[in-house]
Amino acid sequence: MIEEETLVIDLQTKSRQAQAFEVLVNTYKERLYWQIRSIVLNHDDADDVLQNTFIKVYKNIDGFKGDSKLFSWMYRIATNEALNFIKQRAKTQGVSDTDYQDKLVANLEADVYFEGDEIQLQLQKAIATLPEKQKLVFNMKYFQELKYEEISEILDTSVGGLKASYHLAVKKLEQYLKED
Amino acid sequence: MNKNKNNPFKTPKGYFNSFEDKLMDKLSQPESTFPEESAFQVPDNYFETFNKRLRNKLENETKVVPLVPYKKFFAVAASIAAIAILALGYNWNNNQELGFNDLANTDIEAYFENNDFELTPYEIAEVLPVTNTEYSDFLSSPLKGDILLEYLNENVSDFDELNIVDNE
């Protein structure tokens, strides 16, 4: 795999930009997709947000100073794009973010790209009840299997704080699944 | 370090330093009741065809409209016309400068409605300067004195908390 530093230099050099961007997209599209999908749940929405994420990365790459890793920077953009997408959709439909997310989970039952059994569906319903931060941490750790150090850089939260968030999320999910 | 000289037990080196991390790791192990795999799927060949679709979208987004001479001419003509209109308009209405009061209430409401400030009313209240601000600035119809007194009478138990300063 191409070194991140080299990739950033190529992305910021006009003559090599197009080729470098192709490499960037190929390297990160799947990981970013699953991050976005875990937030917006629906495939078509995830596709829209993923494209917008890469467009934003492309337009802002000159401003990338390398203070964080390229991967973390893009993950942050993807996460913010997905969260904003949810907020905008909720506003357009005149409902609260929570109500909109409940609706997204309810739609999963009829979603052809969701092949979950009853327990999978229940888990998604339970995740929807978590506060935003815990939801993000749980999805990133459990489904995407990111390291705490990586999540720490993406969400700008200490590793200890993340472990506590994850623990709380797991406890709440267990409780939800037991009660239901 | 064992602080009690009578205590014969020891711990491995660095045990307490790493205890918190080990505990949090253990606590954060998910229960086996959770499904192992994500149930989310993607359409066939989605990732294989993604680059092409992204490229098309990016080309549309960044398409640059070429400047041709007649457009430059239109731009110059439009600029002159705009300056002329502004100059004439300024002479006609030089006593009527636009101010906050010229904004329609619906425009202001729409602005607050459509822009997400991510602030609660209490947080907004904390950052807004209240010096020289009257409650009448926020209300379209003024409150009557007796209604205000009735409200305070019913809702305030300790009048000292109001910090009323006698301005007279």
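1. Which residue just after α2(A) takes a positive phi? The residue is Leu41(A), with a phi of about 70°. This and the points below refer to a predicted model.

2. Helix α2(A) itself departs from a straight course. There is a bend of about 50° at Tyr28(A). Its end C-alpha atoms are only 34 Å apart, whereas a straight helix of 27 residues would span 39 Å at 1.5 Å a residue.

3. Tyr28(A), where α2(A) bends, is also one of the buried residues of that helix. Others include Phe21(A), Leu24(A), Val25(A) and Leu32(A), as well as Gln35(A), Arg37(A) and Val40(A). The cover over the buried residues of α2(A) includes α1, α3, α4 and α7 of chain A, together with α2 of chain B.

4. Between the chains, 28 residues of chain A are in contact with 22 residues of chain B. On the side of chain A that touches chain B, two or more residues come from each of α2, α3, α6, α7 and α9 of chain A. The greatest contribution is that of α9(A), with eight residues. By type, this side of chain A comprises 14 nonpolar, six polar and eight charged residues.

5. Confidence should be weighed chain by chain. Chain A has a mean pLDDT of 90, and 98% of its residues reach 70 or more. For chain B the mean is 68, and 37% of residues reach 70 or more. Within chain B, helix α2 has the highest mean, 89, and helix α5 the lowest, 62. Where pLDDT is low, the predicted coordinates should not be read in detail. The model as a whole scores ipTM 0.77 and pTM 0.60.

Technical notes: Residues numbered from 1 in each chain as written. Chains lettered and ligands numbered in written order. Predicted model: local features only at pLDDT ≥ 70, side-chain atom pairs only at ≥ 80, totals over all residues. Contact = placed C-beta atoms within 7 Å. Helix = DSSP H or I, 4+ residues; strand = E, 2+ residues; numbered from the N terminus. Nonpolar A, V, L, I, M, F, W, Y, C, P; charged D, E, K, R; others polar. pLDDT = per-residue confidence, 0-100. Expected span 1.5 Å × (residues − 1). Bend = angle between axes of the 7 residues up to and from the residue. Buried ≥ 20, exposed ≤ 12 C-beta atoms within 10 Å, placed from the backbone.
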